[in-house]
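The following exercises are to be solved with the sequence and the structure at hand. Each task is followed by a solution in steps.

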Amino acid sequence: MKRSVSRKQARYVYSFGGRKADGNGTMKEILGGKGSGLAEMTNIGLPVPPGFTISTNVCTHYFEHDRSYPKGLEAKVVQALRAVEKLQKKKFGDRGNPLLLSVRSGARSSMPGMMDTILNLGLNDSTVEGLVARTRNERFAYDSYRRFIQMYGDVVLRMKPSAKDDVNPFEAIMERKKKERGVEHDIDLTASDLRELVGLFKREIRSTRGVDFPEDPVEQLWGAIGAVFGSWMNERAIAYRKLYDIPGSWGTAVNVQSMVFGNMGDDSGTGVAFTRNPATGENAFYGEFLMNAQGEDVVAGIRTPLPIEQLREKNPKVYGQLLRVRQTLERHYRDMQDLEFTIQEGMLYMLQTRAAKRTGFAAIRIAVDMVDEGLISEKEAIGRIEPDQLNHLLRPVFDSDQKSVALRNDRLLAKGLNAGPGAATGKVVFNAADAVQWAGRGEKVILVRVETSPEDIKGMSAADGILTARGGMTSHAALVGRQMGKVCVVGCGALNIDYPRRSMNVNGKQVREGDAISIDGTTGEVILGEIETRPSEVLQVLLAKTLSPASSSVYRQYAKLMSWADRFRRLRVRTNADQPDQCEVAIAFGAEGIGLCRTEHMFFGGDRIDAVREMILADTESGRRKALAKLLPMQREDFVGIFRVMKDRPVTVRTLDPPLHEFLPHTEKEIEVLSSRIGVSVEKIHQRLNQLHEFNPMLGHRGCRLGIVFPEITEMQVRAIIEAACSVKKEGVNVHPEIMIPLVGHVNELKNQDRLVRTVAKQVFVESGISVDYLVGTMIELPRAALTADEIASVAEFFSYGTNDLTQTTFGLSRDDAGVFLQKYFDMNILERDPFQTIDREGVGLLMKIGTEKGRSVNKKLKVGICGEHGGDPSTIEFCHQLDFAYVSCSPFRVPIARLAAARAMVRDNGTSRKARTRRSRAG
Ligand code: PEP
Ligand code: MG
């Protein structure tokens, strides 16, 4: 057994062709997405041109060994090549009947357009004549040849310019030739023009690179293989991997495949299709094609392709065959696929299939529909939706009144294809670098390009919306925009863009850099000026109640998915909220309690800040108590409001946490105003400000240290909480307050505050003649608290991990200042992810694990949760599930995401252990 595994690992080349493949669809890790798709399609009998895949292991070896190949690879490649020759009845490098190859990248996770591809490989001055003779089409043969030389020059000899304004030397030669011939399109050049171009291209290579274009097909092949492996480490591939968390260690595979030609005349063509609509998820075949074109023409967005239905008229036989392929692939993969195909002289060939990228809307609709169609289970549906995709459904749409006004006022500039749904308004920029720069200074921008290319990836990411003049629904802009969840309109042919002038003319209207436009990615409309946005359909049903569930299919799909998520998950989901309206939003999104109510936020409302400042400025306890007495009724009303909304759900209220000086005035003007309002002299305020100054306030007089030194603050807060709880209970609501003490590092700190809480609560119960059940617990946000959690759990009834502070204190990294240098850490791969967003499992996570185990070792009923920002992060949620927490708590808008992430965590670990189930019964 062991031997067969190691033999498998050592295998470098996997052949496919003739209905048989060495690999299959489960081998993405070794074959990459494209390679495993080709193998699988071959195995299920679809028409795939034969070829072979050089595995990702070779890529790893290549970079670990100074860009060299493992021993024995060459022989295996030759062997695989011979097999392709046999199947195709052609010979590589043969002048009579030459085999031509494509060489393409293909990583485990798709990285559209980020790496390199070379087509028509094997052509040289002698084989091109063989191609002419075989095809009896000199123009086609020389067009293929000049394309190959250009690609080889661009990719292998790295002649493609990297600066955005530089011109590609081959394109410049081509343009000159067209001018000389007085023609507009490439297609108008004759065979002899193309033959001349071949000579000119070769001369260009010799003069700029000092080498000859290699005539030897074997040398061409190894040059191309090396270039494709090398492209794994090009700048844009690295940037893309960063954006999507794809590890550099995965590597790419290289697929070498027999060429088929979509540019052999009017009975040839090429296209890309989706088995369903990738923007909306509608169950309809969706795709685009171009006749007499090569595959790259469709994806690159150079010509705007035709909708797939038109293929029915042009070639009903191939169209019918494609429909059958669609069905076969969907049934086989049980997921929406995208596919690439080529038609060569009326014959259909499949060149790629993979699980298709889709918008959040489409992902949810497809998953829900496929459950209804009996293709997948509810659990599988849950596993297929990335939690962050739910964000798409919650994204704003344009205010319909404002939009109608804009349309009536003739502000509709043009209409393009609706590639990425949603509404975006922003300032126009015409290149990616500007998009990054403008967004960096806080502007909302719409990136407008003739077409996008992989170099634009950072700009696309920075922009709020993407608009292109060319390209279809499968163009680079559409694919990448959709994946990023951007509002995106493509193929808007009316845009007449003038890059040097940084402006565009659209149907006679001039739009300059910095002008505001609005794009509607759901309809494809491009509108001049700003338009206000309003909440998504889901929010309109849930919050504004301006839409009924019956009239929103998007809402109904969302609700169905969420009901499955709730059925599967074990973790409860609470919210961080400190106002009744926030609580309402969170409940509408499915929150099951409050995990963190930060009372300090309440101190800023209305004129209560004056009373807070008076309390802080007081010298004596009695002075403080006088000011606190003013705050008490206001705090009580806050809590009454919250308890009323939250009803019988648990509500965790934290006692005062931030350093006191955060509440004090800072400017002279503010100081003067305060002085006259509370009757304390300006000098006195200055004096107190100086006294309160701390060098390191985050590690200073804050958290429970405030309530210990000034117990009257905790007393007032506890009184407000318990009085509010009693009064709402009198209204018939079964309230569940949980009082949480922040920044505890030593059990004695908690003992001190716990005593105080219980004393005050008892007093209130006596006074009000009613009592409520409540808990006292603590945040675990200091390493010492985690390490001594057993001692702390002897007092605490619950732990809530304050992972913002716990990350800060574990790394010794200021949460307020780290942004300045953390980016550098990511760039240098010192840290892979922002530890303030996703829990650092090895360090901070280890403390969480230790703390939880120690806590539970002395208190079996200890309720454990998390309320730091990480509580809304899917990876952290999975970790909390693994630690068997009772709940996660996050901001209201992340509640649906957390519900889904919690369900996915459960589905993934198949978490049906009895221990887990028992705990759930007392969770929450
Ligand atoms: C925390 O530290 O994680 C926390 C929730 O508290 P705050 O962010 O208010 O410090
Ligand atoms: Mg904290």
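Two strands count as paired if DSSP finds at least two bridges between them. The model examined here is predicted.

**Exercise 1. Determine which residues stand opposite Asn-255 and Ala-253 of β8, and how β8 is paired with β3 and β6.**

Step 1. In general, strands of a sheet pair through backbone hydrogen bonds, either parallel or antiparallel.

Step 2. β3 and β8 are joined by four bridges in the antiparallel sense. Here Thr-53 stands opposite Asn-255.

Step 3. Strand β6 (residues 101–107) and strand β8 (residues 252–258) also run antiparallel, with seven bridges between them. Opposite Asn-255 stands Arg-104, and opposite Ala-253 stands Gly-106.

Step 4. The wider sheet is open and consists of six strands in the order β2-β1-β3-β8-β6-β7, with antiparallel pairing. Its edges are β2 (20–21) and β7 (117–121), each of which pairs on one side only.

**Exercise 2. Decide whether the residues of β8 are buried or exposed, and state which helix lies across β8.**

Step 1. Thr-252, Val-254, Val-256 and Ser-258 point one way from β8, whereas Ala-253, Asn-255 and Gln-257 point the other way.

Step 2. The residues of both groups are buried; the count for β8 is seven of seven.

Step 3. Helix α4 (residues 73–88) lies across β8, and also across β1 (13–17), β3 (51–54) and β6. The helix runs at about 160° to β3.

**Exercise 3. Identify the protein donors of the magnesium ion (ligand 2) and locate them in the chain.**

Step 1. The donors are Glu-781, through OE, and Asp-805, through OD, at 2.0 to 2.2 Å from the ion.

Step 2. Glu-781 belongs to the loop between β31 (775–780) and α32 (783–787), while Asp-805 belongs to helix α34 (residues 803–811). The two residues are 24 residues apart, and the pair links distant parts of the chain.

Step 3. A residue is buried if its relative accessible area is under 20%. Glu-781 has 2% and is therefore buried; Asp-805, with 3%, is buried as well.

**Exercise 4. Explain why Cys-867 forms no bond with Cys-880, and state how many disulfides there are.**

Step 1. A disulfide is a covalent bond between the sulfur atoms of two cysteines. The cut-off for the sulfur pair is 2.5 Å.

Step 2. The closest cysteine sulfur to that of Cys-867 is in Cys-880, and because it is 11 Å away, it is too far for a bond.

Step 3. The count of disulfides is zero. Cys-597 is likewise in no disulfide, since the nearest cysteine sulfur, that of Cys-583, is 7.2 Å away.

Step 4. Cys-597 is buried at 0% relative accessible area, and Cys-867 is buried at 1%.

How values were computed:
Residues numbered from 1 in each chain as written. Chains lettered and ligands numbered in written order. Predicted model: local features only at pLDDT ≥ 70, side-chain atom pairs only at ≥ 80, totals over all residues. Heavy atoms only, no water. Donors = N, O, S within 2.8 Å, 3.2 Å for Na, K, Ca; no water. Buried < 20%, exposed > 50% of the residue type's maximum accessible area, 1.4 Å probe, protein only. Contact = heavy atoms within 4.5 Å. Axes fitted to C-alpha atoms, helices over the stretch in contact; angles between N-to-C directions.
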